[in-house]
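Here's a quick tour of a protein chain, starting from one spot on its surface and working out to the whole fold. Have the viewer open as you read.

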Amino acid sequence: MNAQHPPSVPNPAPAASRRWQGLLLLLVIASPVVFTLLTDNIWEDFFITYRSSLNLAHGNGLVYEVGHRVHTFTSPLGTLIPAGLAWAAHTDDPGMVLFYFRSIACLALGLAWLLAGPRLRGGIGLGLAALLWALDVKISAFSTNGMETALLLLCVTLAWRALLDHRPVLAGFALGAAMWTRPDGFVFVGAIAAGVWLVRGETPWRFKDWLTMALVAAVIYTPWFAWAWSYYGSPVPNTVIAKGTHLTPVESLHLLVTYPYRFLFGHSAAHDAFLPPYFFFGEWPGWMPFYGRVMALAAAGVAAWPRCPRPARVAGVAFVLGGIYLTITTRAPWYFPAWSLLAYFAVAGGIDTAWTLLRPRPVWRWGVAVFAGALVAAQAWLYAGVTVQLRAQQRLIEWGVRAPIGRNLKNSAVSPRETVFLEPLGYIGFFSNLSMRDTPGLCAPDVVKLRKSGVVSMGALVTALKPDWTVLRASEVVGMAPADRANLERDYFLAATHDVRQAVNDIAWLPGREFLLMDAYYTIWRRKPAGVAAP
């Protein structure tokens, strides 16, 4: 693929003023700040990693439960940084630690923008990329709610710049840092590297350049890899083992073979990268899947358009390849932001190119402007809708249901060794500080073993594990097989319920209401003491 530009299209140059660039930098940083101030959203899984962080800060080891060396987190940096912040600030308060962590995240996003800006073409491309970035609510949410997303975006953007600028050592550093951020960080950097190889520049990468990049990355990441292997007995996080794959090899092969057709004409996970984080629960406007498809196809179109600048085309190729990864992995919204960011780089470059080429045709230029404006308007609507949704979810579900359940369990338990079985491990596990048995087994290898043996339903797992406490959503109780339900009622009594469904339904405008209703009603079951009747 040739990256040469025709004479009619000027080479990329910094067309925007420093004031304009500073304003866009402020926009990228301000967006997650505004989201945080409006929602105070804290990711459920943050409290899984933070429990391990506190154990490390207190000298109990990097473990979820003291005495049990289980690798219960996916991101090394996402766990080590909060541990260091808690230790340095002499506090266990998650709110205080999150304040510092969010500050680091916003700084990382700002640095990522400073890296990206010089490779984004023209004032229009620069402005559109900044608007799409700032209005991506998943970037704002997952960068500030306790996830490692901002750090990953910084690593991905650094890799994009280093690979475009032909800097093997810096690219290797970005790859190694991405692996410290997520063990699948190599997938993101690898997709960009493939784009650089396919969209050739003036100075092609040679074997020795790729080797240098790989060696630098290995030097950076190997210490963690070796330590985790020696400490936990495996370099693979238990979270990865527990989640496993939801597809059989035949299903995965079918998805891979049909991916191009579904990307172009059907439905692909790549389209979902631009939708709300929990859109699959329903009650969102019907135009959203169309918007996701348009964004994905626009990024792919830029990748195939020779007149677009090389940075935009490389980003577009990387996004299309990332769609393959999204197709065969667990459908989780926190996998999307880095891929969608690359798509924004591509789309912004494509629109800037079209605007330049259509200078003699003002009517067509208006069409380009309307298209770009529609993308920004859709992003703004989604930002507003998800902000409303997650603000209500944090207030009613996280602080109104799950954190109180955890505190009540802690106060009701006779011993901290009492076991609790449930699915949502984060808030309840942290605030109860009891011995947790979750499904799919993020902190519980015994649950993973049972699931691999074929014991997968909630009722069957309760019967096999015999926990002291069982926390179930109302839908999980209703969905039990009759025999499992009979076993539950035989061995446990209903100790408490937490129900905020009415409060959820009372909110007049709540996009994605079903996401909240799923967690609005919990039942708490306590194991009956031998020979003692239930109250």
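## Starting at the surface

Let's begin with alanine 88, which has 51% relative accessibility and so counts as exposed, the cut-off being over 50%. Keep in mind that this is a predicted model. Alanine 88 sits in helix 3, which covers residues 76–89. Pick glycine 454 as a second point: 366 residues separate it from alanine 88 in sequence, and the C-alpha atoms of the two are 45 Å apart in space.

Just along the chain is histidine 90, in the loop between helix 3 and helix 4 (94–116). With a relative accessibility of 74%, histidine 90 also counts as exposed. Its phi is near 55°, a positive value in a residue other than glycine.

## Other backbone spots to check

Histidine 166 also has a phi near 55°, again positive without being a glycine. You'll find histidine 166 in the loop that links helix 7 (149–164) and helix 8 (168–181). Is histidine 166 buried or exposed? Neither, quite: at 21% relative accessibility it counts as partly exposed, because buried means under 20%.

Then there's a cis peptide bond, between threonine 439 and proline 440, with omega at about 25°. Proline 440 belongs to the loop between strand 2 (435–438) and helix 19 (445–452).

## Inside the core

Now for the interior. In soluble globular proteins, nonpolar side chains tend to be buried together. Here the largest nonpolar core takes in 173 residues, and Trp133, Trp160 and Phe319 have the most contacts inside it. Helix 17 (residues 362–412) gives this core its largest share, 16 residues.

What does tryptophan 133 touch, leaving aside residues up to four places away in sequence? Among its partners are Val28, Leu109, Trp113 and Ile139, along with Leu341, Tyr344 and Phe345.

## The whole chain

Stepping back, the chain has 24 helices and five strands. Its radius of gyration is 24 Å, which agrees with the value near 24 Å that a compact globule of 535 residues would have. Along the principal axes, the C-alpha atoms fill a box of roughly 90 × 50 × 50 Å.

Of the 535 residues, 56% count as buried. Among contacts between residues at least 6 apart in sequence, 75% join residues at least 24 apart. The accessible surface is about 22,500 Å², with 65% of that belonging to carbon and sulfur atoms. As for charge, there are 43 positive and 30 negative ones, and their mean positions lie 9 Å apart.

How values were computed. Residues numbered from 1 in each chain as written. Predicted model: local features only at pLDDT ≥ 70, side-chain atom pairs only at ≥ 80, totals over all residues. Heavy atoms only, no water. Helix = DSSP H or I, 4+ residues; strand = E, 2+ residues; numbered from the N terminus. Rg over C-alpha atoms; globule rule 2.2 N^0.38 Å. Buried < 20%, exposed > 50% of the residue type's maximum accessible area, 1.4 Å probe, protein only. Contact = heavy atoms within 4.5 Å. Areas by Shrake-Rupley, 256 points an atom, 1.4 Å probe, with all protein chains shown as cover. Lys, Arg positive; Asp, Glu negative; His and termini not counted. Charge placed at Lys NZ, Arg CZ, Asp CG, Glu CD. Core = buried A, V, L, I, M, F, W, Y, C linked by side-chain atoms within 4.5 Å.
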